[in-house]
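The following exercises ask the reader to work through one protein chain step by step. Each task is followed by its solution.

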Amino acid sequence: MAADRKILPLNSRIRIYGAGRYSGEYTVEDTGASVDGHHIDVYMPSRAEAKKFGRQRVKVVVLKYGDDAATPPDPQQKAAAKATNRKVRTADQRQAHR
């Protein structure tokens, strides 16, 4: 999840409500170039999924403000995300060919 460091420092823990299957707890691990002010960017496994989700108003509750220190990615979490991305892209490609 990406957020503006002035609002939510890196490593902050938040809970998102009202985002459907993307509702839940997240850790701020990135600062996106276009993430400014009270906007957040939730990671989606594919561009198609992100376009389908679009921009939405959600409720965010801060569970803990982070220390704003950059940390290296967890290798197991990164591998799991890559596997999910492959599955989603394959499913999207199959639907596109139908």
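A residue is called buried under 20% relative accessible area, exposed over 50%, and partly exposed in between. The model examined here is predicted.

**Exercise 1. Classify glutamate 25 by its relative accessibility and describe its salt bridges.**

Step 1. The relative accessibility of glutamate 25 is 40%, so this residue counts as partly exposed.

Step 2. Glutamate 25 meets the side chain of arginine 15 in a salt bridge, with 2.2 Å from N to O. This pair links distant parts of the chain, since arginine 15 belongs to strand E2 and glutamate 25 to strand E3, ten residues apart. Arginine 15 has 26% relative accessibility and therefore counts as partly exposed.

Step 3. A salt bridge also joins the side chains of arginine 13 and glutamate 25, at 2.9 Å from N to O. Here too distant parts of the chain are linked: arginine 13 is in strand E2 and glutamate 25 in strand E3, twelve residues apart. Arginine 13 has a relative accessible area of 27%, so this residue is partly exposed.

Step 4. The salt bridges share partners, and they join Arg13, Arg15 and Glu25 into one network.

**Exercise 2. State how many salt bridges a search of the whole structure finds, and explain what the salt bridge between arginine 5 and aspartate 68 ties together.**

Step 1. The search of the whole structure yields four salt bridges.

Step 2. In one of them, arginine 5 pairs with aspartate 68, and the closest N and O atoms are 2.9 Å apart.

Step 3. Arginine 5 is in the loop between strand E1 (2–3) and E2, while aspartate 68 is in the loop between strand E5 (59–64) and H2; the pair therefore ties together parts that are 63 residues apart in sequence.

Step 4. Arginine 5 has a relative accessible area of 38% and is partly exposed. Aspartate 68 is also partly exposed, with a relative accessible area of 30%.

**Exercise 3. Find the aromatic pair in the structure and determine its geometry.**

Step 1. One aromatic pair is found when the whole structure is searched.

Step 2. The ring centres of tyrosine 22 and phenylalanine 53 are 5.5 Å apart and the ring planes stand at 80°. Planes over 60 degrees apart count as edge-to-face, so this pair is edge-to-face.

Step 3. Tyrosine 22 lies in the loop between strand E2 (13–17) and strand E3 (24–27), and phenylalanine 53 lies in helix H1 (residues 47–53); the pair therefore ties together parts that are 31 residues apart in sequence.

Step 4. Tyrosine 22 and phenylalanine 53 are both buried.

**Exercise 4. Identify the residues that gather in a patch of positive charge on the surface.**

Step 1. The patch consists of Lys78, Lys82, Arg86 and Arg89.

Step 2. One member, arginine 86, is located in helix H2 (residues 75–96).

**Exercise 5. Summarise the chain as a whole: its secondary structure, its extent and its share of buried residues.**

Step 1. The chain has two helices and five strands, and along the sequence their pattern is β-β-β-β-α-β-α.

Step 2. The C-alpha trace spans about 45 × 30 × 25 Å along its principal axes.

Step 3. Of the 98 residues in the chain, 27% are buried.

Key: Residues are numbered from 1 along each chain as its sequence is written. This is a predicted model: local features need pLDDT of at least 70, side-chain atom pairs count only at pLDDT 80 or more; totals for chains, interfaces and linings use all residues. Side-chain values use heavy atoms; hydrogens and water are left out. Patches are made of residues with over 30% relative accessible area and no salt bridge: like charges are joined within 9 Å, nonpolar side chains (Val, Leu, Ile, Met, Phe, Trp, Tyr) within 5 Å. Accessible areas come from the Shrake-Rupley method with a 1.4 Å probe; for residues, only the protein chains shown count as cover. Lys and Arg count as positive and Asp and Glu as negative; His and the chain ends are not counted. The place of a charge is taken as NZ of Lys, CZ of Arg, CG of Asp or CD of Glu. Helices (H or I, at least four residues) and strands (E, at least two) are DSSP runs, numbered from the N terminus. Rings of Phe, Tyr and Trp (its six-membered ring) pair if their centres lie within 6.5 Å; planes under 30 degrees apart count as stacked, over 60 as edge-to-face and the rest as tilted. Buried means under 20% relative accessible area, exposed over 50%, partly exposed in between (1.4 Å probe, protein chains only).
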